[in-house]
Protein chains: 2
Amino acid sequence: MRVDHYPIGALSAATGVKIETIRYYEKIGLMPSPPRNEGRQRIYDAGHLERLSFIRRGRELGFSLDQIRELLGLVRGHGLTCAEVKTMTDGHVADIRRKVKDLKKLERVLSELAAQCSGNAVPDCPILEALSVGR
Amino acid sequence: MRVDHYPIGALSAATGVKIETIRYYEKIGLMPSPPRNEGRQRIYDAGHLERLSFIRRGRELGFSLDQIRELLGLVRGHGLTCAEVKTMTDGHVADIRRKVKDLKKLERVLSELAAQCSGNAVPDCPILEALSVGR
DNA sequence: TATGCGACCTGTAGTGACTACAGCTTCAAG
DNA sequence: CTTGAAGCTGTAGTCACTACAGGTCGCATA
């Protein structure tokens, strides 16, 4: 048997989610409003801890809060969970691949420009020229 | 000799930057307030076109508006342009590399999870389990 | 018991880089 | 002269927080 009721600071420490962020999640309805003690301070239990950990790990995997809301609905809900979750994940992976591709292209362009850069005080800078000239 | 004065819509079409965005750039001081005609509408010239194109290409290369502000200062300014620009660019490339690394890691984790996913209606979903189970 | 201090509270505003909208005025073509 | 497109201002919304001001509460120590 655990004590299983902690204030917001303990929940924050246990999950690594900042206090303000926890209150923000409550405000936008992602976390339920917990009961309060006599002094109107929030008291959380293990269920809250679990849910908040889920949210945090989802964020670490790059899901948006809306996607996490959806995932939470699937967990608690009743439905074709695995198929739906797979669809969401596949879309998410496709997003990530697109981003990586764009960023690598960017990196290539910038590296090439920087390589042409003499690093001395001459005002002819290939990077600024690339930004300023045509197209 | 060019006509060299166009309203905001023409500037928008010429640069590919949306009208609202141009006004936003003016509000935050990134673009100068252009002269107005009798009817209080903005009239731009080739200088504005050039500056806005610079901003746009900078954004395409992933610079923040603050970084672009700095770059614009260097262009007009007087200083060790090439060296400073190279430093900024190198830092920017390092940022991009970090992002790419993180995203690829994410992609790998998600792909592995999705691969374990049967896609059928069974409620045991490896992705949800990965999110729900401890660390 | 007093007091002090850290933890907690609410509410608001700021971040970055826009986007959207309401409700006007102005311009240009027919 | 009318109509419709283009322009205007100002405000609010987006996303996911973060920061701050100005209070209240809980607990340990003197």
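A:His92 counts as buried, because its relative accessibility is 6% (buried means under 20% relative accessible area, exposed over 50% and partly exposed in between, with a 1.4 Å probe and protein chains only). This value, like the others below, comes from a predicted model, in which local features need pLDDT of at least 70, side-chain atom pairs count only at pLDDT 80 or more, and totals for chains, interfaces and linings use all residues. Residues are numbered from 1 along each chain as its sequence is written, chains are lettered from A and ligands numbered from 1 in the order in which they are written, and side-chain values use heavy atoms, with hydrogens and water left out.

A:His92 is found in helix α5 of chain A, residues 81-115; helices (H or I, at least four residues) and strands (E, at least two) are DSSP runs numbered from the N terminus. Not counting residues up to four places away in sequence, A:His92 touches A:Leu61, A:Gly62, A:Phe63 and A:Gln67, together with B:Leu110 from chain B. Contact here means heavy atoms within 4.5 Å. One of these partners, A:Gly62, follows α3(A) and has a positive phi, near 85°.

Helix α3 of chain A covers residues 46-60, 15 residues in total, and reaches 21 Å from its first C-alpha to its last, close to the 21 Å expected at 1.5 Å a residue. The expected span is 1.5 Å times one less than the number of residues. At the start of α3(A), a side-chain oxygen of A:Asp45 comes within 2.9 Å of the backbone nitrogen of A:Gly47. Buried residues of α3(A) include A:His48, A:Leu49, A:Leu52, A:Phe54 and A:Ile55.

A:Ile19 lies in helix α2 of chain A, residues 19-27. A relative accessibility of 27% is the reason why A:Ile19 counts as partly exposed. A:Ile19 touches A:Ile8, A:Gly9 and A:Ser12, leaving aside residues up to four places away in sequence. A:Ile8 is 11 residues from A:Ile19 in sequence, and their C-alpha atoms are 6.5 Å apart.

A:Gly9 also takes part in the surface around DNA strand C: one of its backbone N or O atoms lies 2.9 Å from a phosphate oxygen of the strand. A polar contact is a pair of N or O atoms within 3.5 Å; within protein, one must be able to donate a hydrogen and the other to accept it, and residues adjacent in sequence count only if both atoms are side-chain atoms. Side-chain N or O atoms of A:Arg23 come to 2.6 Å from a phosphate oxygen of DNA strand C, and a polar side-chain atom of A:Arg36 lies 3.0 Å from a phosphate oxygen of that strand. Elements giving two or more residues to this surface are α1 (8-15) and α2 of chain A and α2 (19-27) of chain B. In total, 20 residues surround DNA strand C, where near means a heavy atom within 4 Å. Of the strand C atoms within 4 Å of the protein, 85% belong to sugar or phosphate and the rest to bases.

Around DNA strand D there are 19 residues, of which A:Tyr24, A:Tyr25, B:Gly9, B:Arg23 and B:Arg42 come nearest. Sugar and phosphate make up 87% of the strand D atoms within 4 Å of the protein. A side-chain N or O atom of A:Thr21 is 3.1 Å from a phosphate oxygen of DNA strand D, and a polar side-chain atom of B:Arg36 is 3.0 Å from one. The most residues near DNA strand D come from α2(A), which gives 3.
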